[in-house]
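Welcome, and thanks for taking a look at this chain with us. Please keep the sequence and the 3D view open while you read the briefing.

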Amino acid sequence: MVLNGIPAQLALNMLMEGNRRFVLSGGISGDYSKDRMAVTADKGQHPYAAIISCSDSRVVPEAIFSAGIGDLFVIRTAGNTICPGTVGSIEYAVDHLGCNLVVVLGHTSCGAVASALEDMHGDKVNVILDKVRQAAAGETDRLRVAELNAIQSAEEIRSGMDLHENVEIRAAMYDICDGSVRLL
């Protein structure tokens, strides 16, 4: 079990600075070089944060945070919802990779939020949409529901896992129009 990753606040600062660079440059600036591939292949991955994001193709955490190969442990689920597989992935990131920061990244114009509010149903998708509806708790504004959903997912991680005291769980929102990330 690895418990000696970088401090959560330093990881959060790195994420937010990476997002600032992304917004200013409008492009990807992480290290995707052959050398970086070789180092991570030889020495393994050492991500500084775990990100739970939506599966939406417009949400690319590595780009959003100007991160490169091996920098982030990214878990993607529709609506950035939490399920047993997600929890297992977070546990792996924290206990085995040393991630002391876990960020649930919601986003604007989320299709899962829209589908939940439009009362869409489906055999398997109900697991996701019911979680979003629970987070909404009667709220109908899509942006606010996306925020509430990210907050609920972060709380579900906090209450559902036995995390050591160095681990910080945060909720954040990504704006798909301007690229900015706002902590909740």
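The points below go from the whole chain to single residues.

This is a predicted model, so please read every value here as computed from it. The chain has 7 helices and 5 strands, and its radius of gyration of 16 Å agrees with what a compact globule of 184 residues would have. Further down you will meet one aromatic pair, a core position in strand S1 and some loop residues with positive phi, including Ser 109.

**Overall build**

- Following the sequence from start to end, the order of elements is α-α-β-α-β-α-β-α-α-α-β-β.
- The C-alpha trace spans about 50 × 40 × 30 Å along its principal axes.
- For 184 residues, the compact-globule expectation is a radius of gyration near 16 Å, and the chain matches it with 16 Å.
- Among contacts with a separation of 6 or more, 67% join residues that are 24 or more positions apart.

**Surface and charge**

- Buried residues make up 45% of the 184 in the chain.
- The accessible surface is about 9000 Å², and carbon and sulfur atoms contribute 54% of it.
- The chain carries 15 positive and 23 negative charges, and the mean positions of these two sets lie 4 Å apart.

**The aromatic pair**

- How many aromatic pairs does the count come to? It comes to 1, formed by Phe 73 and Tyr 92, whose ring centres are 5.9 Å apart.
- The two ring planes meet at 45°, so this pair is classed as tilted; stacked would need planes under 30 degrees apart, and edge-to-face over 60.
- Phe 73 belongs to strand S2 (residues 72–76) and Tyr 92 to helix H4 (residues 84–95), so the pair ties together parts 19 residues apart in sequence.
- The partners differ in cover: Phe 73 is buried at 16% relative accessible area, whereas Tyr 92 is partly exposed at 38%.

**Ala 50 in strand S1**

- Ala 50 sits in strand S1, which covers residues 49–53.
- Is Ala 50 buried or exposed? Its relative accessibility is 0%, so Ala 50 counts as buried.
- Leaving out residues up to four places away in sequence, Ala 50 touches Phe 73, Ala 93, Cys 99, Leu 101, Val 102 and Val 103.
- One of these contacts, Phe 73, is also a member of the aromatic pair described above.
- Ile 128 is 78 residues from Ala 50 along the chain, and their C-alpha atoms are separated by 21 Å.

**Helix H2 and the glycine after it**

- Helix H2 (residues 34–43) is hardly covered, with 1 buried residue among its 10.
- Gly 44 comes just after H2 and takes a positive phi of about 85°.

**Positive phi outside glycine**

- Most residues other than glycine have a negative phi, which makes the next two residues worth a look.
- Ser 109 is not a glycine, yet its phi is positive at about 55°.
- Ser 109 is placed in the loop between strand S3 (101–107) and helix H5 (111–117), and it counts as exposed at 51% relative accessibility.
- Asp 119 also has a positive phi, near 65°.
- Which loop holds Asp 119? Asp 119 lies between H5 and helix H6 (126–136), and its relative accessibility of 48% makes it partly exposed.

**Two further loop residues**

- Arg 58 is in the loop between S1 and helix H3 (61–64) and is partly exposed, with 41% relative accessibility.
- Not counting residues up to four places away in sequence, Arg 58 touches His 107, Ser 109, Tyr 174 and Ile 176.
- Ser 109, touched by Arg 58, is the serine with positive phi noted above.
- The C-alpha atoms of Arg 58 and Ala 38 are separated by 28 Å, with their positions 20 residues apart along the chain.
- Glu 139 lies in the loop between H6 and helix H7 (142–160) and counts as partly exposed at 30% relative accessibility.
- Beyond its neighbours within four places in sequence, Glu 139 is in contact with Leu 117, Arg 144, Val 145 and Leu 148.
- Leu 117 is 22 residues from Glu 139 along the chain, and their C-alpha atoms are separated by 9.0 Å.

Definitions and conventions
Residues numbered from 1 in each chain as written. Predicted model: local features only at pLDDT ≥ 70, side-chain atom pairs only at ≥ 80, totals over all residues. Heavy atoms only, no water. Phe/Tyr/Trp six-rings, centres within 6.5 Å; stacked < 30°, edge-to-face > 60°. Helix = DSSP H or I, 4+ residues; strand = E, 2+ residues; numbered from the N terminus. Buried < 20%, exposed > 50% of the residue type's maximum accessible area, 1.4 Å probe, protein only. Rg over C-alpha atoms; globule rule 2.2 N^0.38 Å. Contact = heavy atoms within 4.5 Å. Areas by Shrake-Rupley, 256 points an atom, 1.4 Å probe, with all protein chains shown as cover. Lys, Arg positive; Asp, Glu negative; His and termini not counted. Charge placed at Lys NZ, Arg CZ, Asp CG, Glu CD.
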